[in-house]
Each structure stands twice: as C-alpha cells, then as structure tokens.
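Hi everyone, thanks for making time. I'd like to walk you through a structure that may be new to you, so please have a look at the screen.

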Amino acid sequence: MRLPAFRSVCAAVALTVAGCGGGASAPEPPPAGRATGDTLSGSLAVLAASSLTDAFSEIGDAFRRARPGVELTFDFGPSSGLAAQVLEGAPADVLAAASLAPVTPLVEAGLVESEPQFFAGNLLEIAVEPGNPLGIRALGDLARDDVILVLAAGEVPAGRYADEALARAGVDVSPSSREADVRAVLSKVELGEADAGIVYHTDVVAAGDAVDGVEIPAEDNVVARYPIAALAGSANPATAAAFVDFVLSAPGQRILRAHGFAAP
Amino acid sequence: MTLEARIRLRLGTLDLDVAFDVAGGEVVAVLGPNGAGKTTVLRALAGLVPLDAGHVRLDGRTVEDAAAAIREPAEQRAVGVVFQDYLLFPHLSARDNVAFGLRARGLAKPAARRRAEEWLARVHLGGAAGAKPSALSGGQAQRVALARALATDPALLLLDEPLSALDVEARLSIRRELRVHLDAFDGPCVLVTHDPLEAVTLADRLVILEAGRVTQSGSIREVTSRPRSPWVARLVGLNLYRGRAHGHTVALDTGGALTTAAAAMGEVFLVVHPHAVALHRSRPEGSARNVWCGPVESAEANGDRVHVRVGGPIPVVAEVTPAGAADLRLAAGGDVWVSVKATEVDPYPA
Amino acid sequence: MSGIAGRASRPRRRGASALPLALTGLAVAAVALLVLPLVGLFLRTPWSRLAALLAEDRVHQALRLSLVSSLAALALCTVLGVPLAWVLARRQFPGKRLLRALCLLPMVLPPVVGGVALLVAFGRRGFVGQPVEQLTGITLPFTTAGVVLAEAFVALPFLVVTVEAGLRAMDRRYEDAAATLGASRATTFRRVTLPLIGPSLAAGMALCWARALGEFGATITFAGNRAGRTQTMPLAVYLELERDLGVALLLSLVLLFASVAVLVTVRAGSFTSP
C-alpha cells in the first residue's frame with residue numbers, strides 16, 4: 001500500500017471530521033505580528049516533498065506557535081505522487097514540491113490558487129559512508145566497478161536531477177538500484193547496502209553522522225528549485241495563504257537555511 | 001505359522017493386559033464391548049502402537065519385545081489389515097489400491113497390477129478394477145480391502161469389525177465369502193468385533209476382552225455354554241451366578257443360595273437357562289429345589305417368547321410363553337415365585 | 001387439527017428464507033467490494049495505448065522478471081513450506097506455539113518492515129549477509145535472487161498455513177493403512193499423504209504465488225529497483241504512477257491478465273474445488 005495515499009486518506013478523514021466541528025469554535029484573538037483582519041483557525045493539510053520532512057516539521061511547529069488554533073497536518077511523499085493526488089481530487093490546502101514539473105499540470109488545470117512561488121533551493125550531493133572508505137571525490141568515481149551506486153528513480157525529481165548532473169559531468173553510471181524516493185536512496189547508504197548515492201544536500205544534513213557528503217562542483221550541479229502554492233480547492237484559503245507567506249518570510253527561510261536549503 | 005501375543009500397554013484411559021495364541025489357519029475372534037480395547041490390540045499387533053511390556057512373536061520370530069527393546073515398525077511386519085472403514089485410498093483405483101502393498105514391497109508396477117487383478121477376480125470384482133473407492137458399494141469396498149490385505153501374502157491377518165459398516169443384506173453374503181477366504185488363508189487370523197454373530201460365524205475360537213482384560217477364552221461352544229462374565233452371559237442370554245460351592249449347595253456372592261444336582265467344591269460359576277425357569281403366582285410345591293420370591297421388574301416380548309426379569313435376592317431372567325405371561329398377569333408387576341430344578345443349575349469352576 | 005399444518009408452515013417459512021436472504025445480501029456486498037475497483041480500473045485505462053506499451057522493452061523485462069521470480073519464490077516456498085507444515089501439524093515439541101506464531105509473522109508485518117528485516121539479516125552489513133559476503137563474495141541486495149528471497153519471505157506463511165490445515169484435516173489412518181501395507185514413511189508421504197492433501201497444497205501454492213507476484217514493499221526495500229534485474233511489475237506500476245497514470249493502469253492490467261493466463265493454464269480452479 002502506498003504510504004502517501006494512506007496518509008492522504010487519513011488527512012482527508014481528519015479534515016472532514018475537523019471541518020464538522022470547526023464552525024463552533026470561539027473567535028481567536030488576532031495573531032501576533034500579523035495584521036490580517038480575519039482570524040485563522042480550522043485545519044490545514046500541507047502536501048510536501050519528502051526532502052522537506054525535517055524542515056517543514058520545524059516550520060510547522062513555528063507556525064502553530066504563531067497561530068494557535070490552526071490544526072496543521074503534513075503529508076510527505078514524492079512530489080509527483082502528491083501532485084497526482086491533487087489531480088485526482090484529494091483535499092489539501094498547500095502543495096510544496098521538489099520541482100516545478102509536477103506542479104505545472106495543476107496550474108494548467110486551475111487547481112492552484114495563485115502562481116507557485118519558489119521558496120527554497122536544494123543542491124545535489126553525493127552521500128557516502130562515514131569516513132568515505134572508498135575515497136569517492138567526484139561524480140566520475142561513481143562509475144567505478146567497486147562502487148555500489150543507488151540513485152532515485154528517473155520518475156521522481158531527485159532522480160531526474162541526478163541524471164542531469166551526471167550527464168553534465170559526462171559520467172556514465174550503472175546504478176544497482178533506482179529507488180522510489182530520495183529518502184530510500186539515503187537509507188540504503190546509511191544501512192551500508194550502497195556505497196554511494198546522489199541525494200539532496202538537505203538529506204546529508206538531516207542524516208547527521210550517519211553519512212558523509214561529497215560536494216558536487218557548481219558547474220555540474222543542478223539546483224532543485226522548490227515551488228509552493230496554495231491550492232484552489234482549499235477549505236481554508238486564508239490560512240493556506242498565511243502558511244505560504246510564513247514559508248516565504250524571514251522566520252521560515254531561517255529554518256530552511258538551518259536544514260541545508262539554499263536560496264531559491 | 002503361529003502368533004504369540006503378550007500385550008501390555010497403557011493408552012489414554014485404557015489399561016490393556018492380554019495374552020493369547022493363535023495357530024496357523026485358525027481364526028480367533030476378540031469379542032468385547034465398545035471401549036474394551038479391541039482395536040488397540042489389533043493396532044499393537046500391526047505395529048501401529050508400541051507395547052509397554054510383553055512381546056509379539058510370529059512363527060517363533062520375535063516381532064516386538066518391550067523388555068529386549070526390539071520393535072519392528074509396521075511397514076516391516078508381514079501383516080495384512082482390513083480396517084473398520086476399509087480405508088481404501090480414495091485417489092487410487094481398486095486395482096491400484098490392491099497393488100499398493102505389492103509395489104511398496106518392491107514389485108514392479110505392471111507385475112503388481114496383474115497380481116492385483118488376479119486378487120480382484122478372486123473376490124469377484126474383476127470388472128470393477130478401474131473404479132475409484134467412491135464408486136464402490138459397501139460390500140464391494142470391503143472385498144477390495146480384503147484383497148488388498150491378502151495380496152501381499154501376509155503372515156498374519158487382522159480384521160477390525162469387518163462387517164459392521166455393511167447393511168444387513170450385504171452382511172449375509174459378505175460373511176459367507178469372507179468365511180471362504182479365511183478358510184483358505186493358512187496363517188493365523190485375529191478378528192476383532194463387538195457383534196457376537198460375526199464372531200460366532202467367522203471364528204474358530206473366542207477371546208473375550210472386557211476393560212482391557214481377557215475374561216474368557218475358548219471354543220465357541222465353551223464360551224457360549226459356560227460364560228465367565230456377566231457381559232458374555234447377557235450376550236448369549238444365560239443367567240450367570242458366582243459363588244462358593246460346598247457339595248450340592250452354592251452360596252452366591254450376591255447373597256442367597258442355590259442347590260445343584262451335580263456336586264462341586266470351591267469357587268464356581270452357575271448357569272441357568274431362562275427356559276429352565278418357571279414362574280408362579282404362589283409358592284409352588286413340587287420337586288424343584290430352588291424356589292424363591294421376587295418382584296417382577298420387566299416383561300418383554302421377544303418373538304414368540306416373553307422374557308421376564310425378576311429382581312430380588314437372586315435376580316433371574318425367565319423365558320415363558322405369552323399365554324403363560326398373560327395367565328400370571330405378569331404385566332401388572334408385583335411379586336412372583338420362581339422355581340428352578342437343581343438339575344438345571346450347571347456349576348463349573350470359576 | 002387442520003390449522004396445525006398452516007400454523008407450522010408459515011412462521012417456519014419466513015424464518016427459513018430470512019437467513020439465506022441476509023447471507024446472499026452480504027455475499028453481494030463482498031463481490032461488489034472485490035469487483036468494483038477492478039471495474040474502475042478497466043474503465044479508466046487508456047486501451048488505445050496498449051499496443052505501443054506492449055512493444056516496450058521495459059514492460060517485457062518487468063513482466064518476465066515478475067513471472068520468473070514469483071515462480072522461483074513459489075518453488076522455494078513449496079520445498080521449505082511443506083516440511084514446515086508437516087512438522088507443525090504432526091510433531092509435538094516445546095515451543096511449538098511460538099514457532100507457529102513466528103511463521104505467521106511475515107503475514108502481519110508491513111512489507112517494508114519485512115524488507116528492512118531482511119536487510120538486517122541478509123544485507124551487506126547483515127549478521128548473516130556480512131559473513132557470507134566475506135566468505136563467498138555473494139550478496140543478495142540488488143540481485144534477482146534477492147527479489148526471490150523477499151517474495152518468498154512474504155509468501156511462505158500462506159502456503160504453510162494452508163498445507164498445515166490440510167494435514168490436520170486429513171484422516172491419519174490412511175497413513176496407518178499404508179504402513180501396514182509395507183510402505184516406508186517416505187513412500188507413504190509421497191503416494192498417500194501428498195495426494196490426499198492435494199487440494200490444500202494447490203490452494204496454498206496458488207495463494208503463495210499470487211502473494212509473491214504482487215509483492216512490492218519488501219522487494220524494493222531489500223532488492224532495490226533496476227530494470228531487468230530487480231524491477232518487477234508492481235515496482236514498475238508504482239514508479240509509473242509518478243509519471244503517467246494511464247500507463248500505470250495499463251501495466252496493472254497487463255500484470256492482471258498475465259496472472260489470469262497462468263492460473264487458467266494450470267487450471268488452478270479445478271484444484272481448489274474437489
């Protein structure tokens with residue numbers, strides 16, 4: 001069973017249940033630091049790419065502190081999978097993807113409230129075992145016979161970017177596996193099943209001591225630009241817009257930087 | 001070919017301790033009530049249940065000896081078994097069922113099938129060789145089971161209630177056929193049953209098994225005319241008493257005394273046939289030495305006779321004519337006088 | 001007296017028809033639950049693109065790999081599972097209940113967790129996998145053998161449970177009869193026990209194979225995803241969902257038809273019903 005789908009269903013159920021009870025709450029005091037004129041309450045379902053897991057969880061905590069009374073739920077998964085759910089009519093309020101490609105069909109279908117805005121950038125990095133025992137220094141080393149390499153599947157943004165970076169560097173690789181999402185690539189390296197994998201810089205940061213990172217030079221590297229958009233089908237457009245603003249604002253950006261994201 | 005069986009074992013609540021011998025060509029019926037342990041005896045002889053103590057010797061050869069830790073598993077014993085439900089392999093034809101034992105013992109498939117067909121012809125089932133067990137009638141299945149057991153030329157033949165699964169009509173014809181095959185079999189044969197008719201018509205000798213112990217064994221005549229346990233007595237329809245004889249008087253274990261024409265000493269059984277018991281409404285005068293009074297417990301019509309059960313100090317079953325029963329108004333109950341001639345009371349050592 | 005017949009029949013008839021009606025209603029609901037999603041699948045599939053898709057290499061590779069690995073997993077499960085079922089059904093020993101619970105564990109574990117467990121045991125750093133790699137150079141992750149192992153892991157309980165039930169239900173006196181006819185234990189097992197549990201065995205094998213064929217979480221976690229080597233059809237479908245829903249639906253149906261074709265060829269239906 002696909003985890004994001006399952007979680008979407010739960011989110012949908014939670015939304016429905018919360019929506020039924022939401023109307024009876026007393027008006028909230030106006031949120032500090034924001035003059036919006038309308039009170040923010042109810043629940044918000046945010047669909048976000050897996051690589052945003054740690055950063056957005058922290059952003060979520062900060063948002064909840066700034067806006068008590070908003071019930072915030074996250075659904076993390078591959079960007080294309082999340083976009084497909086929105087296309088199929090899954091109820092959600094905000095979508096933050098790892099690339100623009102999956103979001104474009106939503107824009108064409110009129111499913112986004114306003115033009116998607118880029119809020120973060122993510123550079124690719126090679127993840128290797130702590131201590132880098134195989135001495136991997138560049139993309140070229142990934143083609144070595146003694147290196148077990150895993151990449152994200154070409155169907156997901158991380159995979160496409162990895163292929164692009166390798167093409168730019170003129171390196172021909174034969175990966176042992178193309179994982180369903182970039183987090184799976186990371187865990188294969190963490191578990192020691194793979195010697196190297198191309199992941200986002202933020203993944204290397206999030207993994208802490210479990211992996212070491214090898215930088216990819218700027219001329220070969222691909223910057224993944226992350227778009228965020230409030231969705232047209234949102235039951236809570238004001239709150240959705242507020243969340244998007246928060247992500248784009250200084251506090252949100254600070255959190256993103258701390259997790260390794262670059263400027264968009 | 002002889003069988004020497006000394007079987008002692010405990011299985012669940014059953015405590016079995018039996019000893020008997022069977023000569024070559026002889027058919028011994030182990031007869032007893034349900035739960036007596038008859039099937040367990042058979043399974044022990046077949047090697048399906050180990051002995052706790054004792055031994056089994058076939059033709060002088062020790063097949064199992066608990067003390068010497070010798071035990072031939074079932075598949076090595078040359079034993080043919082006809083099971084109560086026949087247990088024909090449902091996925092094999094009659095022919096392949098009969099051929100099974102031959103093939104298991106190494107005979108090639110074509111040769112085994114030929115032998116199987118010979119045996120099926122012998123039990124008059126030549127045409128049904130290709131049929132599956134589910135397509136056979138009870139009588140046919142029984143014959144296939146017999147052929148299957150005999151085809152391997154066993155040294156010992158065991159039959160577990162061979163006729164009990166058949167309806168009454170099938171039983172008659174199968175019994176006749178079975179007798180023929182048993183006569184033709186020259187090894188020892190043990191037949192286990194709870195049906196006295198089956199035992200009496202198929203066996204040469206009886207071994208009575210009750211609650212795991214042999215209470216009596218001997219020829220059919222012996223056992224049926226001189227029962228040694230209440231169960232057997234009930235089976236053959238005789239009144240049985242046990243007591244201490246001193247000359248012509250026997251003091252019964254249950255109280256009271258009987259006079260016998262023949263003299264005896266020590267522990268004895270006494271047998272009185274129901275038709276030797278006369279009933280009266282008042283104390284009879286006459287030559288009968290045994291006269292007593294007791295309450296009428298029941299009166300059952302049985303063909304053209306009435307069996308009257310009289311209780312009291314010396315319980316007895318009397319056989320009278322319907323007219324006699326009517327005359328005495330036995331149906332009304334009450335007390336009745338019983339008289340038995342001393343010449344009709346037969347003592348024999350216990 | 002005449003009223004009795006009428007009185008007795010009326011309430012009995014109403015009561016008698018209520019239960020079958022209720023059961024039929026529930027049965028219809030069950031069929032709906034099973035069939036409606038399939039109907040939905042059929043209706044949404046872009047059939048016109050089927051021909052083009054079937055010409056693609058990766059589809060052949062994924063389909064062939066799925067069929068080969070699932071059948072290999074089935075063979076492994078049968079060879080290992082039947083003896084295990086026999087031990088569970090026939091032998092008494094301390095800790096038997098615990099063993100049976102352990103055998104059912106893969107059924108209860110989420111497949112991805114199963115995949116992680118397999119890595120912990122048989123991965124390059126696994127407590128079995130590491131010494132094996134050092135001694136023989138053999139690794140299982142990222143190989144087709146790894147796919148077979150992952151599929152066997154999740155599918156084995158289905159076979160064991162079904163065959164064990166069949167062995168328990170079987171009349172053991174047939175084995176006694178075979179013994180008295182001179183058959184060794186091995187011969188008895190081969191010529192009497194196995195045929196008698198035939199329907200259970202066939203049903204168990206069908207369930208086992210179906211489970212292996214559809215397995216996704218454990219295979220991708222343990223064996224990874226590489227076209228031609230470890231990318232089975234379910235993996236291809238999942239990844240295709242990221243890209244093209246229509247193609248994903250088509251692939252699902254290709255797998256469905258392939259499975260039905262195999263089942264029909266083997267006449268599995270006739271095994272499961274006597």
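I'll talk about domains and about the places where parts touch.

One thing to keep in mind as we go: this is a predicted model.

Let's begin with chain A. Its domain assignment gives two domains. Domain 1 of chain A is built from three stretches, 3–18, 44–120 and 226–258, while domain 2 of chain A covers 122–223. Taken over C-alpha atoms, the centres of these two domains of chain A are 27 Å apart.

How many residues of each domain of chain A are in contact with the other? Domain 1 of chain A brings 12 residues, and domain 2 of chain A brings 13. On the domain 1 side, helices α2 (53–66) and α3 (79–87) of chain A supply at least two residues each. By class, that side of domain 1 of chain A has six nonpolar residues, five polar ones and one charged.

Now over to chain B. Here the assignment gives domain 1 as 3–233 and domain 2 as 239–349. The C-alpha centres of these domains of chain B are separated by 40 Å. Their contact takes five residues from domain 1 of chain B and five from domain 2 of chain B. On the domain 1 side of chain B, three residues are nonpolar, two are charged and none is polar.

Finally, chains A and C. Their contact takes 18 residues from each chain. Which helix gives the largest share of the chain C side? That's α12 of chain C, residues 233–243, with six residues. In all, the chain C side that touches chain A has eight nonpolar, four polar and six charged residues.

Conventions. Residues numbered from 1 in each chain as written. Chains lettered and ligands numbered in written order. Predicted model: local features only at pLDDT ≥ 70, side-chain atom pairs only at ≥ 80, totals over all residues. Domains from an automatic or database assignment. Contact = placed C-beta atoms within 7 Å. Helix = DSSP H or I, 4+ residues; strand = E, 2+ residues; numbered from the N terminus. Nonpolar A, V, L, I, M, F, W, Y, C, P; charged D, E, K, R; others polar.
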